[in-house]
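Here are my notes on the chain you sent, set out as numbered points. Please read them with the sequence and the coordinates open beside you.

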Amino acid sequence: GPEALVFLTDLTEAIAYQDLRSQFVANVSHELRTPLTGLRGLLEALDDPEMDPEIRGRFVTRAASETVRLEALIADILFLSELEATQGMPSDARGDLRAAAVTAAELVAADAETYRATVTVEHGEPVWTPLSDRMALTVSRNLLENAVKYAGQGAKVAVTIVPVDGESVRLIVSDDGSGIPERHLPHVFERFYRADASRSKQLGGTGLGLSIVKHIAERHGGRVD
């Protein structure tokens, strides 16, 4: 008898990806609008010729702070876009993760001093990974900055690098702070997710640091927990 042949294309993944992109664009728009709105308000206020010089100085400082926040946010967004654009591309990079962790500790020294935090990095032989030097430094620095800023005053932050079975390596960043409430744990690596939104804004976080760590790890066959 007559026959029919039907071809169906599974669009689930494509639709999910499109939804993710739409959500990302919406989040980016919101995150950019907030400091821009603050900047506009500050600039309008500064236009007042009778403003008290002390208040004017505070407003200028706040405007500069919002500008720095915008720059950091845009830099992180561009970096995430770069990671997605090169997803799956072969790489012959080799980076020393231990050296990157030591450099990252030096770069967060100023923040550590501000929060009276102590940062220690386990020294030893080089630990080579398929990460480029830039990627290895970004992973180490983002994790360290997160620990130093959110662990609380006087926290002790430790970086340990452990080879596993001679085939992989584990980078552990730990601290003795108050920790993250359990309900937030499944979401901390999501873009723009903040366990404490008000504190994150106060500390100048972009909400993308841990998401970038996740993207780098997964892009190179690893994972982050």
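1. In this predicted model, threonine 160 has isoleucine 172 of β5 as its bridge partner, and valine 162 is matched in the same strand, β5, with arginine 170. Both pairs can be placed within a longer ladder, since strand β4 covers residues 156–164, strand β5 covers residues 168–175, and the two run antiparallel with eight bridges joining them.

2. The connection between these two strands deserves a look at the backbone. β4 and β5 form a hairpin that leaves three residues between the strands, and aspartate 165, which lies in the turn, has a positive phi of about 60 degrees.

3. Isoleucine 172, which is found in strand β5, can be described from several sides. With a relative accessible area of 34%, isoleucine 172 is partly exposed, because that value falls between the 20% under which a residue counts as buried and the 50% over which it counts as exposed. Leaving aside residues up to four places away in sequence, isoleucine 172 touches Ala158, Val159, Thr160 and Val162. Leucine 137 is 35 residues from isoleucine 172 along the chain, and the C-alpha atoms of these two residues are separated by 14 Å.

4. Which strand pairs with β4 in the parallel sense? That strand is β2, residues 118–121, and its pairing with β4 extends over four bridges. Within this part of the structure, threonine 120 stands opposite alanine 158 of β4; alanine 158 is also one of the residues that isoleucine 172 touches.

5. Glutamate 113 has its place in helix α4, which comprises residues 109–114. Is glutamate 113 buried or exposed? Its relative accessible area is 65%, so glutamate 113 counts as exposed, the cut-off for that class being over 50%. Phenylalanine 189 is 76 residues away from glutamate 113 along the chain, and their C-alpha atoms are separated by 26 Å.

6. Helix α7, residues 209–219, contains a series of buried residues, namely Leu210, Ser211, Ile212, Val213, His215, Ile216 and Ala217. When reading such a list, it may help to recall that an α-helix has 3.6 residues a turn, so residues three or four places apart point the same way. After α7 comes glycine 221, and the phi of this glycine is positive, near 80 degrees.

7. For the chain as a whole, the secondary structure comes to seven helices and five strands, and along the sequence these follow the pattern α-α-β-α-α-β-β-α-β-β-α-α. The radius of gyration is 22 Å, whereas the globule rule gives 17 Å for 225 residues, a value that the chain exceeds well, so the protein chain is more spread out than a compact globule. Along its principal axes, the C-alpha trace spans about 90 × 60 × 35 Å.

8. Some totals may be set beside that picture. Buried residues make up 33% of the 225 residues, and the chain exposes about 14600 Å², of which carbon and sulfur atoms supply 54%. Among contacts with a separation of 6 or more, 72% are accounted for by residues 24 or more positions apart. As for charge, the chain carries 23 positive and 34 negative charges, and the mean positions of the two sets are 4 Å apart.

Key. Residues numbered from 1 in each chain as written. Predicted model: local features only at pLDDT ≥ 70, side-chain atom pairs only at ≥ 80, totals over all residues. Heavy atoms only, no water. Rg over C-alpha atoms; globule rule 2.2 N^0.38 Å. Buried < 20%, exposed > 50% of the residue type's maximum accessible area, 1.4 Å probe, protein only. Contact = heavy atoms within 4.5 Å. Areas by Shrake-Rupley, 256 points an atom, 1.4 Å probe, with all protein chains shown as cover. Lys, Arg positive; Asp, Glu negative; His and termini not counted. Charge placed at Lys NZ, Arg CZ, Asp CG, Glu CD. Pairing = 2+ DSSP bridges.
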